[in-house]
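Colleague: Got a minute to go through this one with me? I'd like to start with the surface and then work through the charged pairs and the helices.

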Amino acid sequence: MKGRKPRYDGSLVQLTRRFMDLVKAAPEGVLDLNEVSRLLGVRKRRVYDITNVLDGIHLVQKRSKNHIQWVGSDIKHITKRTPEQQKLRDELCDLTTMEEALDELIKDCAHQLFDLTDNKENAKLAYVTYQDIHNIQTFQEQIIIAIKAPEGTRMEVPPPKEDRIEVHVRSTKGPIDVYLCEVSLDNPDIKASENTDQLSCESK
C-alpha cells in the first residue's frame with residue numbers, strides 16, 4: 001500500500017518557494033531571518049531548515065547570526081528562464097496529446113484492416129492492377145517490384161552493395177510471383193488490364 005506523503009514535506013516545499021521569492025526581492029540577496037520568519041508566519045526553526053540545506057550546497061552564506069546572503073547563480077537569470085520552461089512544458093503537453101491521438105488512429109486503422117482481411121468475401125478483391133500503380137503520381141518514372149506470395153512469406157533486404165541491391169523472399173507454403181513494373185507514360189510495351197487479378201507486367 002502506497003503511503004501518504006507527509007504534510008511536513010509538502011508544506012516545506014511551499015515554504016521554500018516563498019523563501020526564494022523573498023530572496024529574489026532582497027537587495028543583493030541579503031535576508032534578515034527574523035524578518036523572513038515574520039513574513040512567512042513560521043518559527044525561525046523552520047527557516048533554518050531551509051537555510052541549512054542551501055548553505056550545505058553553497059547557495060547561501062551566513063553574513064551574521066541572523067542574516068544570510070544568496071551566493072548562487074543570478075536569481076534574476078533563473079527567473080527569466082521560467083517563461084521558456086513554461087513554453088517547453090506546453091509543447092510537451094501538445095506533443096503528448098498528439099501522440100495519444102495518433103495511437104488511437106493507428107489502433108483504429110489496425111482494427112479496420114483486421115476486419116477487412118478477416119472477411120473471406122474480401123479475399124477475391126485483394127489485388128492491385130498495373131493501372132492502379134500507374135495512377136499513383138509518386139511512382140511515375142519509377143521501377144516497381146510487386147510480389148504476390150502466400151501467407152507467412154518472409155522478406156529480407158540486406159544492406160545495399162555498391163553495384164546492386166538484393167531482396168530475399170522465402171516461402172514454405174507455396175510459389176512466389178515477382179513482377180517488375182516500369183511505371184512510365186511513354187512506355188508502350190507495358191500494358192495493363194483492369195479485368196485481371198494480378199499485375200500485367202514483365203515477370204521475373
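Colleague: Which residues make the nonpolar surface patch?

Modeller: Bear in mind that this is a predicted model. The patch is made by Ile145, Ile147, Met155, Val157, Ile165 and Val167, and it comes to about 590 Å².

Colleague: Where does isoleucine 147 lie?

Modeller: Isoleucine 147 is in strand β4, which covers residues 142–148. Its relative accessible area is 35%, so isoleucine 147 is partly exposed.

Colleague: OK, charges next. How many salt bridges does the structure hold?

Modeller: Nine. As background, side chains of opposite charge can pair when their charged atoms come close.

Colleague: What does lysine 161 pair with?

Modeller: Lysine 161 meets glutamate 166 in a salt bridge, at 3.7 Å from N to O. Lysine 161 is partly exposed at 45% relative accessibility, and glutamate 166 is partly exposed too, at 24%.

Colleague: And which side chain does arginine 164 meet in a salt bridge?

Modeller: That of aspartate 163, with N and O 3.3 Å apart. Arginine 164 counts as partly exposed at 39% relative accessibility, whereas aspartate 163 is exposed at 61%. Through shared partners, salt bridges join Lys161, Asp163, Arg164 and Glu166 into one network.

Colleague: What about aspartate 49, which residue does that one bridge to?

Modeller: Arginine 46, and their closest N and O atoms are 3.8 Å apart. Both sit in helix α3 (residues 44–56), and because they are three residues apart there, about one helical turn separates them.

Colleague: Are those two buried or exposed?

Modeller: Aspartate 49 is partly exposed, with a relative accessible area of 25%. Arginine 46 is buried, at 17%; the cut-off for buried is under 20%.

Colleague: Let's stay on α3. What is its reach from first C-alpha to last?

Modeller: 18 Å for its 13 residues, close to the 18 Å expected at 1.5 Å a residue.

Colleague: Which α3 residues are buried?

Modeller: Arg46, Val47, Ile50, Thr51 and Leu54. Looking down the axis of α3, the buried residues fall within an arc of 135 degrees, so they line one face of the helix.

Colleague: Why would residues spread along a helix point the same way?

Modeller: An α-helix has 3.6 residues a turn, so residues three or four places apart point the same way.

Colleague: Then which exposed residues are on the face turned away from the buried side of α3?

Modeller: That face carries Arg45, Val53 and Gly56, which are exposed.

Colleague: And what does histidine 58 do just after α3?

Modeller: Histidine 58 takes a positive phi there, about 60 degrees.

Colleague: Switching to α2. Which of its residues are buried?

Modeller: Helix α2 covers residues 33–40, and its buried residues are Leu33, Val36, Ser37 and Leu40. They are on the same side of α2, because their arc around the axis is only 100 degrees.

Colleague: What goes on at the start of α2?

Modeller: Aspartate 32 has a side-chain oxygen that reaches to within 2.9 Å of the backbone nitrogen of asparagine 34.

Colleague: Last one: which residue takes a positive phi just after α2?

Modeller: Glycine 41, at about 70 degrees.

Definitions and conventions: Residues are numbered from 1 along each chain as its sequence is written. This is a predicted model: local features need pLDDT of at least 70, side-chain atom pairs count only at pLDDT 80 or more; totals for chains, interfaces and linings use all residues. Side-chain values use heavy atoms; hydrogens and water are left out. A salt bridge is a side-chain nitrogen of Lys or Arg within 4 Å of a carboxyl oxygen of Asp or Glu. Helices (H or I, at least four residues) and strands (E, at least two) are DSSP runs, numbered from the N terminus. Buried means under 20% relative accessible area, exposed over 50%, partly exposed in between (1.4 Å probe, protein chains only). The arc is that of the directions from the helix axis to the C-beta atoms. A polar contact is a pair of N or O atoms within 3.5 Å; within protein, one must be able to donate a hydrogen and the other to accept it, and residues adjacent in sequence count only if both atoms are side-chain atoms. The expected span of a helix is 1.5 Å times one less than its number of residues. Patches are made of residues with over 30% relative accessible area and no salt bridge: like charges are joined within 9 Å, nonpolar side chains (Val, Leu, Ile, Met, Phe, Trp, Tyr) within 5 Å. Accessible areas come from the Shrake-Rupley method with a 1.4 Å probe; for residues, only the protein chains shown count as cover.
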